[in-house]
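Let's explore a protein model together, one question at a time. Have the picture open and follow along!

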Amino acid sequence: MATGHLYADEADALVRAALEHKVRNLLIQHADMAIAPVPLDLQMELARRGAFLEKYYLACGDDFRSLTVAEMADTIRRIGGEHCALVTDHGQPRNPTAVEALSRFVEQLLEADITERQIERMLKDNPRQLLGI
(Lines give C-alpha, C1' and ligand atoms only; values in the text may rest on other atoms or scores of the structure.)
Protein backbone atom coordinates (compact mmCIF):
# COMPACT_ATOMS: atom_id res chain seq x y z
CA MET A 1 0.00 0.00 0.00
CA ALA A 2 1.30 3.45 -0.88
CA THR A 3 0.37 6.74 0.77
CA GLY A 4 0.36 9.02 -2.27
CA HIS A 5 0.31 12.74 -1.47
CA LEU A 6 -0.79 12.54 2.16
CA TYR A 7 0.20 14.95 4.89
CA ALA A 8 2.43 13.56 7.64
CA ASP A 9 -0.37 13.03 10.17
CA GLU A 10 -2.50 11.30 7.53
CA ALA A 11 0.37 9.00 6.52
CA ASP A 12 0.99 8.17 10.19
CA ALA A 13 -2.69 7.35 10.75
CA LEU A 14 -2.83 5.25 7.58
CA VAL A 15 0.23 3.23 8.60
CA ARG A 16 -1.23 2.62 12.07
CA ALA A 17 -4.53 1.43 10.57
CA ALA A 18 -2.78 -0.69 7.93
CA LEU A 19 -0.65 -2.45 10.54
CA GLU A 20 -3.74 -3.12 12.67
CA HIS A 21 -5.23 -4.85 9.61
CA LYS A 22 -2.02 -6.87 9.03
CA VAL A 23 -0.98 -4.91 5.93
CA ARG A 24 2.81 -5.15 5.91
CA ASN A 25 3.99 -3.81 2.54
CA LEU A 26 3.83 -0.06 3.07
CA LEU A 27 5.41 2.74 1.03
CA ILE A 28 5.48 6.30 2.30
CA GLN A 29 5.55 8.37 -0.88
CA HIS A 30 6.86 11.91 -1.34
CA ALA A 31 8.08 12.10 2.26
CA ASP A 32 10.56 14.86 1.38
CA MET A 33 8.24 16.98 -0.76
CA ALA A 34 8.01 20.55 0.56
CA ILE A 35 4.25 20.83 0.02
CA ALA A 36 3.48 17.95 2.43
CA PRO A 37 6.71 16.96 4.18
CA VAL A 38 6.99 14.09 6.62
CA PRO A 39 9.40 15.24 9.35
CA LEU A 40 12.55 13.12 9.57
CA ASP A 41 11.74 11.90 13.08
CA LEU A 42 8.40 10.57 11.81
CA GLN A 43 10.08 9.04 8.74
CA MET A 44 12.41 7.20 11.14
CA GLU A 45 9.46 6.05 13.27
CA LEU A 46 7.52 4.83 10.22
CA ALA A 47 10.61 2.89 9.12
CA ARG A 48 10.85 1.32 12.61
CA ARG A 49 7.24 0.19 12.15
CA GLY A 50 8.24 -1.50 8.89
CA ALA A 51 7.33 1.04 6.21
CA PHE A 52 9.59 1.92 3.29
CA LEU A 53 10.31 5.58 2.60
CA GLU A 54 10.35 6.73 -0.99
CA LYS A 55 13.34 8.92 -1.79
CA TYR A 56 12.61 10.61 -5.07
CA TYR A 57 14.87 12.69 -7.24
CA LEU A 58 12.20 15.17 -8.37
CA ALA A 59 12.18 16.62 -4.84
CA CYS A 60 15.78 17.74 -5.46
CA GLY A 61 15.10 19.31 -8.85
CA ASP A 62 13.91 22.66 -10.12
CA ASP A 63 10.22 21.75 -9.76
CA PHE A 64 10.36 21.55 -5.95
CA ARG A 65 13.85 22.23 -4.57
CA SER A 66 12.71 20.64 -1.32
CA LEU A 67 16.24 19.49 -0.47
CA THR A 68 19.55 18.74 -2.10
CA VAL A 69 20.73 15.25 -3.00
CA ALA A 70 23.35 15.58 -0.24
CA GLU A 71 20.59 16.36 2.27
CA MET A 72 18.55 13.43 0.97
CA ALA A 73 21.62 11.19 1.35
CA ASP A 74 21.77 12.27 4.99
CA THR A 75 18.13 11.26 5.50
CA ILE A 76 18.92 7.87 3.93
CA ARG A 77 21.82 7.38 6.34
CA ARG A 78 19.66 8.36 9.32
CA ILE A 79 16.68 6.20 8.32
CA GLY A 80 18.78 3.34 6.96
CA GLY A 81 18.92 2.29 3.33
CA GLU A 82 17.17 -0.94 4.25
CA HIS A 83 14.03 1.18 4.74
CA CYS A 84 14.22 3.31 1.57
CA ALA A 85 13.31 2.98 -2.09
CA LEU A 86 14.77 5.21 -4.81
CA VAL A 87 12.60 6.64 -7.56
CA THR A 88 12.80 9.62 -9.91
CA ASP A 89 9.14 10.64 -10.32
CA HIS A 90 10.27 11.98 -13.70
CA GLY A 91 8.46 11.62 -16.99
CA GLN A 92 7.14 15.13 -17.46
CA PRO A 93 8.06 16.69 -20.83
CA ARG A 94 10.04 19.51 -19.18
CA ASN A 95 12.26 17.10 -17.21
CA PRO A 96 14.89 14.56 -18.22
CA THR A 97 13.64 11.05 -18.96
CA ALA A 98 13.24 8.72 -16.00
CA VAL A 99 16.28 6.72 -17.15
CA GLU A 100 18.45 9.83 -17.47
CA ALA A 101 17.21 11.17 -14.13
CA LEU A 102 17.88 7.89 -12.36
CA SER A 103 21.42 7.83 -13.71
CA ARG A 104 22.02 11.36 -12.40
CA PHE A 105 20.41 10.50 -9.06
CA VAL A 106 22.67 7.49 -8.59
CA GLU A 107 25.78 9.48 -9.55
CA GLN A 108 24.92 12.22 -7.08
CA LEU A 109 24.15 9.75 -4.29
CA LEU A 110 27.52 8.10 -4.86
CA GLU A 111 29.15 11.54 -4.65
CA ALA A 112 27.29 12.00 -1.33
CA ASP A 113 28.90 8.79 0.02
CA ILE A 114 25.95 6.43 -0.37
CA THR A 115 27.54 3.11 -1.31
CA GLU A 116 26.86 1.10 -4.46
CA ARG A 117 25.50 -1.71 -2.27
CA GLN A 118 23.07 0.65 -0.52
CA ILE A 119 21.91 2.00 -3.88
CA GLU A 120 21.43 -1.53 -5.23
CA ARG A 121 19.40 -2.39 -2.17
CA MET A 122 17.19 0.69 -2.53
CA LEU A 123 16.71 0.20 -6.28
CA LYS A 124 16.35 -3.56 -6.45
CA ASP A 125 16.06 -5.45 -3.18
CA ASN A 126 13.71 -3.18 -1.25
CA PRO A 127 11.21 -2.79 -4.12
CA ARG A 128 11.17 -6.58 -4.53
CA GLN A 129 10.46 -6.97 -0.82
CA LEU A 130 7.79 -4.29 -0.98
CA LEU A 131 6.12 -6.04 -3.91
CA GLY A 132 6.49 -9.47 -2.34
CA ILE A 133 8.50 -10.92 -5.25
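Q: Which residues are linked with Asp12 in a network of salt bridges?
A: A salt bridge is a side-chain nitrogen of Lys or Arg within 4 Å of a carboxyl oxygen of Asp or Glu. This is a predicted model, where local features need pLDDT of at least 70, side-chain atom pairs count only at pLDDT 80 or more, and totals for chains, interfaces and linings use all residues. Residues are numbered from 1 along each chain as its sequence is written, and side-chain values use heavy atoms, with hydrogens and water left out. The network joins Asp12 with Arg16, Glu45, Arg48 and Arg49.

Q: How many salt bridges does the structure hold?
A: Salt bridges occur beyond that network too, for example between Asp62 and Arg65. The total for the structure is 11.

Q: How far apart in sequence are the parts that Arg49 and Asp12 tie together?
A: Arg49 forms a salt bridge with Asp12, and their closest N and O atoms are 2.7 Å apart. Arg49 sits in the loop between helix 2 and strand 2, while Asp12 belongs to helix 1 (residues 8–20), so the parts they tie together are separated in sequence by 37 residues. (Helices, H or I with at least four residues, and strands, E with at least two, are DSSP runs numbered from the N terminus.)

Q: Is Asp12 buried or exposed?
A: Buried means under 20% relative accessible area, exposed means over 50%, and partly exposed lies in between (1.4 Å probe, protein chains only). Contact means heavy atoms within 4.5 Å, and Asp12 touches Leu42, Leu46 and Arg49, leaving aside residues up to four places away in sequence. Its relative accessible area is 16%, so Asp12 is buried.

Q: Which residue meets Asp63 in a salt bridge?
A: Asp63 is partly exposed, at a relative accessible area of 30%. Its partner counts as exposed, at 60% relative accessibility. The two side chains meet at 3.3 Å, N to O, and the partner is Arg94. This pair links distant parts of the chain, 31 residues apart: Asp63 in the loop between strand 2 and helix 3, and, in the loop between strand 3 and helix 4, Arg94.

Q: What is the N to O distance between Asp62 and Arg65?
A: Asp62 counts as exposed, at 64% relative accessibility. Arg65 is exposed as well, with a relative accessible area of 61%. Their side chains meet in a salt bridge, and the N to O distance is 2.8 Å.

Q: Where on helix 3 do its buried residues lie?
A: In helix 3 (residues 69–79), the buried residues are Val69, Met72, Ala73, Thr75, Ile76 and Ile79. Taking directions from the helix axis to the C-beta atoms, these residues fall within an arc of 160 degrees, so they line one face of the helix. An α-helix has 3.6 residues a turn, so residues three or four places apart point the same way. The place asked for is one face of the helix.

Q: Which residue just after helix 3 takes a positive phi?
A: Look at the point where helix 3 has just ended. The phi there is about 105 degrees, and the residue is Gly80.

Q: How many disulfides does the count come to?
A: A disulfide is a pair of cysteine sulfur atoms within 2.5 Å. The sulfur of Cys60 is 13 Å from the closest cysteine sulfur, in Cys84, which is too far for a bond. By this rule, the count of disulfides is 0.
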